[in-house]
Amino acid sequence: MVFWALVAGHCASVFGQSTESPLSTFFAPLEVPLVSVDVYVADRQGRPIPGLDIDDFHLFEDGQPVEISHFYAAAGVTGPVDSPDTGPPAAGPVDATPGSPNQDIFLVVFFDDTNLSRSRRRSAVDHIERFFQTNLPPGFKVMIIAYDGRIQVLQPFTSDIAEATTALADANHRASLSLSTEQEGLINEMERTRAMAAASPAQAESILLNSGSAIYQQIQSYADQSEHRIRTSCASLQKIFRSLSGLDGRKALLLVSDGVEPRPGERLFRQWAETFGSEPMWEIQARQAFNQAIQYDVTDAFVDVSQSANGHRVTLYTLTSISGINNRAISAEYRLMDEGRLSVIQGMSEDVLKTNLAATTGGRPLENSPALGDQLTEVAAELGSYYSLAYRPDHVGDGKYYRIKVDVEVDNAQVRHREGYYDTPENDRIDSRTLAAAIHGIAQNPMGIQVQAFAATPRDDGTFLIPILVVVPIGELVLVPAANEHQGRISIHLAVRDDEGGLSDLQRIEYPIPVPNDQLGTALGRTAGFTVRLGVRRGNQRIAVGVLDEIGRTESVVTLEVDPEGAGG
């Protein structure tokens, strides 16, 4: 299990050898980043339509047309178009940056063990394993993640199917933490209570009084716990999305979970009202119970998930099973009056929520059925059959959400793409790249920063304290003139992944860098060092360190592999 804490940080000291090259203080022009939109265009049968050109697309942001400055047709759609009216086939990049976009396909399989029954997980694993044995597209890589209240990377991205299959087996044998059994128990308890009251009319009032209060409290506890689990699961999904933004290529996540109640406990509150509401003692509370579940509504968390996925160009695919819910509704476990109807309504709302979640990101729902393997094969083909459009917005990092719409000049075409994006502030972008480095080991270091671990100190609780030195070239920073000095400012961002796949929370520390005017010429050729101390458990740790120039907006990320029992030699 990962454990780490930022214990302390020390301000910079200037050291190192000066250089002979003249350096000056300046403000670099801020380049507006491109917004990319991957578009899947299919015919009525769902087959990708090849051969489209930049002129076949019209792109809108918040309803206003924007100019497509970059265009790319992936390998799966570069063949001739079927209709003669759509123009010549695309010939690769148009007004594109040098080189072709990375066409690697990154698929994350995310098992939410906090909301996943063993039977449904077993079924999904079987189908995914068979999918892995098919003819996968070039550049296909898969990551396996299990979530049990914390993120566990069972298999980092790999193109080795044997490794991925082994990780699936590990996922299949993990404990299920689903609360569905608790929910079924409360329903059965209400059924027994009503039966006991009906069998003993003289004691019915006492039975309903005593049981009604206890069951209501249990329902509240269930709803509290369910809401917390759903929100923390959604937050973990967003953490994964942020890490994926540091990867070049097509990115998708398959969410394997049971249906999520939009209002956890609503079904139980309604059933409680039907069971106890006819009694005068519970009449007022029964009327309130119908509205009680509103306070547990979690749809806002799924809106955040959708917007986060869109902001980081991750396409979501979710599992649904309306047929399974219908069967459950008439099973022996749900015998209460109208319980079948309530189960179907609840199940449909759960699946509609997941369907909308997939659709808003350009993905689609998949049915957890024997056809799932074939559906996954279609998904893999879709991810390699897209058109990439890009434009430069007139805003940078303002933290707002912008809606995107793509029109295609092809009759009866089905068009899927992310519905919008979050204009990520620079601090969020460096956090995402730091997470990507911790999880995936991918880092870029244009500023030339260096990190070094020193000898760890054992602590009484069995953890270790590791000093980490972060060295930043001052000449890579933008310094602002003040009265008697030039001022710079950086932030250091840290994340840690342990050898079990556990991931820490992100931490951020900000440091000013004051340079006296009479030392500016010398300082620009030197480096500044910052020491942070991390508390970690035993085992190998991958420490990701991101540095952001808060003024110049340049950034670097590096990683350091550390064993606290051998750190620093």
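Let's start with β3 and β4. Strand β3, residues 57–61, pairs with β4 in the antiparallel sense, over 3 bridges. One pair to click on: Leu-59 has Val-66 in β4 as its bridge partner. Keep in mind that this is a predicted model.

That pairing belongs to an open sheet. Four strands, order β4-β3-β13-β15, antiparallel pairing. What stands at the edges? β4, residues 64–66, and β15, residues 420–422. Each has a single partner strand, so one side of each is left without a neighbour in the sheet. Neighbouring strands here are turned by 35° against each other on average, direction ignored. Now put a helix on it. Helix α7 packs on this sheet and touches β13 and β15. The direction of α7 makes about 90° with that of β15.

Stay on α7. That helix covers residues 299–311, and it has a helix partner too: α4, residues 204–244. The axes of α4 and α7 come within 9 Å and cross at roughly 5°. With the cut-off for roughly parallel at under 35 degrees, that makes α4 roughly parallel to α7. Which residues make the contact? From α4: Ile-230, Arg-231, Cys-234, Leu-237, Gln-238 and Phe-241. From α7: Asp-300, Ala-301, Phe-302, Asp-304, Val-305, Ser-308 and Ala-309. By class, the contact of α4 with α7 has 8 nonpolar, 2 polar and 3 charged residues. So α7 has two contacts to look at: β13 and β15 of the sheet, and the α4 stretch I just listed.

Second helix pair: α5 and α6. α5 is residues 266–276, α6 is residues 283–292. Their axes come within 8 Å and cross at roughly 165°. The cut-off for roughly antiparallel is over 145 degrees, and that makes α5 roughly antiparallel to α6. The crossing of α5 and α6 is left-handed. The α5 side brings Phe-269, Arg-270, Trp-272 and Ala-273. The α6 side brings Gln-285, Ala-286, Ala-289, Phe-290 and Gln-292. Class count for the contact of α5 with α6: 6 nonpolar, 2 polar and 1 charged.

Put the two pairs side by side. α4 and α7 cross at roughly 5°. α5 and α6 cross at roughly 165°.

Back to strands. There is another open sheet, with 4 strands in the order β5-β12-β2-β14 and antiparallel pairing. The edge strands are β5 and β14, the latter at 414–416, and each pairs on one side only. The average turn between neighbouring strands of this sheet is 20°, direction ignored.

Zoom in on β12, residues 387–391. Is β12 mostly covered or mostly open? Mostly covered: 5 of its 5 residues are buried. Both faces are covered. Tyr-387, Leu-389 and Tyr-391 are buried on one side, Ser-388 and Ala-390 on the other.

Now the neighbours of β12. Strand β2, residues 35–42, is joined to β12 by 5 bridges, and the two run antiparallel. In that ladder, Ser-36 stands opposite Ala-390. Strand β5, residues 70–73, pairs with β12 over 4 bridges, again in the antiparallel sense. Two register points there. Tyr-72 has Ser-388 as its bridge partner. Ala-73 has Tyr-387.

Next, two backbone oddities. Most residues other than glycine have a negative phi. Which residues go the other way here? Asn-412 is one of them: its phi is positive, about 60°, although it is not a glycine. Asn-412 lies in the loop between β13, at 401–408, and β14. That loop links a strand of the β4-β3-β13-β15 sheet to an edge strand of the β5-β12-β2-β14 sheet. Asn-412 is partly exposed, with a relative accessible area of 49%.

Arg-553 is the other one I picked. Its phi is near 65°, positive, and it is a residue other than glycine. Arg-553 sits in the loop between β23, at 541–549, and β24, at 555–562. Arg-553 is partly exposed as well, at a relative accessible area of 27%.

Last, the whole chain. The protein has 12 helices and 24 strands. How many of the residues are buried? 51% of the 569. And the contacts: among those with a separation of 6 or more, 78% come from residues 24 or more positions apart.

Notes: Residues numbered from 1 in each chain as written. Predicted model: local features only at pLDDT ≥ 70, side-chain atom pairs only at ≥ 80, totals over all residues. Heavy atoms only, no water. Axes fitted to C-alpha atoms, helices over the stretch in contact; angles between N-to-C directions. Parallel < 35°, antiparallel > 145°, perpendicular 65-115°, else oblique. Left-handed = near helix turned anticlockwise from the far one by under 90°. Contact = heavy atoms within 4.5 Å. Nonpolar A, V, L, I, M, F, W, Y, C, P; charged D, E, K, R; others polar. Buried < 20%, exposed > 50% of the residue type's maximum accessible area, 1.4 Å probe, protein only. Pairing = 2+ DSSP bridges.
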